[in-house]
Amino acid sequence: MLAHADRPWFLTRYDTGVTPYWALQAEPRVGYRLCVPRGYDPGGTSRHRLLVALHGSMREDHAVPFQSLVGATGAIVLAPMFPGGLAIPGDLDAYKFLRFEGFACDRLLFTMIAEVARKYRLECDGTRFALFGFSGGAQFAHRFLYLYPEHLRAVSLAAPGLITLLDDRLPWWVGTGGMAAAFGARRIDRAAVARVPVQIVVGSADDDPTEIAIREGAHDWMPGVNDAGPTRLDRATALVASLSDAGLTVRQDVVQGAGHDHLALIPAATAFLVAVLSHPFQEASG
């Protein structure tokens, strides 16, 4: 279990509302910022649900846009920051595949949560949380879902570009064939994955195929990488079908007139996530 602070700490103006970016103490090359209820009482007893909101390639801020969710639910938002060039110079994609060139971004996320849980009172000490990702963050989020469903209350995927279908007939990372072996023989618990409600949201105008077409020879090219469709709209539909076929409850939202813009998609995600985070908590069975 992740430990939380067992005594009050001195509250400053930097500790509630939207916080500064903090370096992760265990690995200062990555970091995070938070959005914390303004009325958070360090000497109180109430516990707060957690939303992890993950950026895309542009490293957009995802703490400020979820302030209304914090106000509606009392949840705490953790917005990780995996900088560009983390693994190799010029790279923007390492975190999207969870692990790359020695960086285990899935494990670093758990370390971030543990650090936050030592300062703030999180429900379940942060071991169960909702997960949102935009673009590259949505790539991270659905792959994280496959490996760690027992930690997730719900997942909202906004405009993922490169997708991994829940299909063992396709090789990792186009599909999930060999994924368990690639991550230290951690098997995909399909029954647990199917218990996690999923939203996929995309803009109706997010239809530029040149943004996500992968050319042979690129570091993220492999056979079948473009088969799910030429646009994010097409790929969102393909992912909805794959997850639905695997037994998941999937909600698909298309935001009319929106392009590839996290601020245009977050209101739809907020509606889904507020409902999830407002629902009485029940331990998952199995």
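Where does G136 lie? G136 sits in helix α3, and we'll come back to that spot in the second view. This is a predicted model, in which local features need pLDDT of at least 70 and side-chain atom pairs count only at pLDDT 80 or more, while totals for chains, interfaces and linings use all residues. Residues are numbered from 1 along each chain as its sequence is written, and side-chain values use heavy atoms, with hydrogens and water left out.

**View 1. The largest nonpolar core, with F132 in it.** This core has 91 residues, and L78 and F132 have the most contacts inside it. Helix α7 (residues 262-278) gives the most to the core, with eight residues. A nonpolar core here is a set of buried Ala, Val, Leu, Ile, Met, Phe, Trp, Tyr and Cys residues joined through side-chain atoms within 4.5 Å. Buried means under 20% relative accessible area, exposed over 50%, and partly exposed in between (1.4 Å probe, protein chains only). Helices (H or I, at least four residues) and strands (E, at least two) are DSSP runs, numbered from the N terminus. Leaving out residues up to four places away in sequence, F132 touches, among others, L51, F66, A158, I266 and L273; contact means heavy atoms within 4.5 Å.

**View 2. Helix α3 and its residue G136.** Helix α3 covers residues 136-147 and reaches 17 Å from its first C-alpha to its last, close to the 16 Å expected at 1.5 Å a residue. That expected span is 1.5 Å times one less than the number of residues. The helix is mostly covered, with 12 of its 12 residues buried. G136 counts as buried because its relative accessibility is 0%. Its C-alpha is 4.3 Å from that of G56, although the two are 80 residues apart along the chain. Not counting residues up to four places away in sequence, G136 touches H55, G56, Y95 and K96.

**View 3. The second largest pocket, with R232 among the residues nearest its centre.** The volume is about 370 Å³, taken as the space filled by probe spheres set on grid points joined across faces, edges and corners. On a 1 Å grid over the protein atoms alone, a pocket is an open set of points with protein on both sides within 12 Å along at least five of seven lines, and lining residues have an atom within 4 Å of a point. There are 24 lining residues, and S57, D93, K96, E211 and R232 lie nearest the centre. R232 belongs to helix α6 (residues 232-245) and counts as buried because its relative accessible area is 7%. Among its contacts beyond four places in sequence are S135, A159, D206, E211 and H260.

**View 4. Backbone oddities around W173, R59 and A159.** W172 and W173 are joined by a cis peptide bond, with omega about 20 degrees. W173 is in the loop between β9 (152-158) and α4 (179-182), and A159 lies in the loop between β9 and α4 too. The phi of A159 is near 55 degrees, a positive value in a residue other than glycine. R59, not a glycine either, has a positive phi of about 60 degrees, and its place is the loop between β4 (50-54) and α1. A159 is buried, with a relative accessible area of 1%, and R59 is buried at 14%.

Notes. On a 1 Å grid over the protein atoms alone, a cavity is a set of points where a 1.4 Å probe fits but cannot get out, and a pocket is an open set with protein on both sides within 12 Å along at least five of seven lines; lining residues have an atom within 4 Å of a point.
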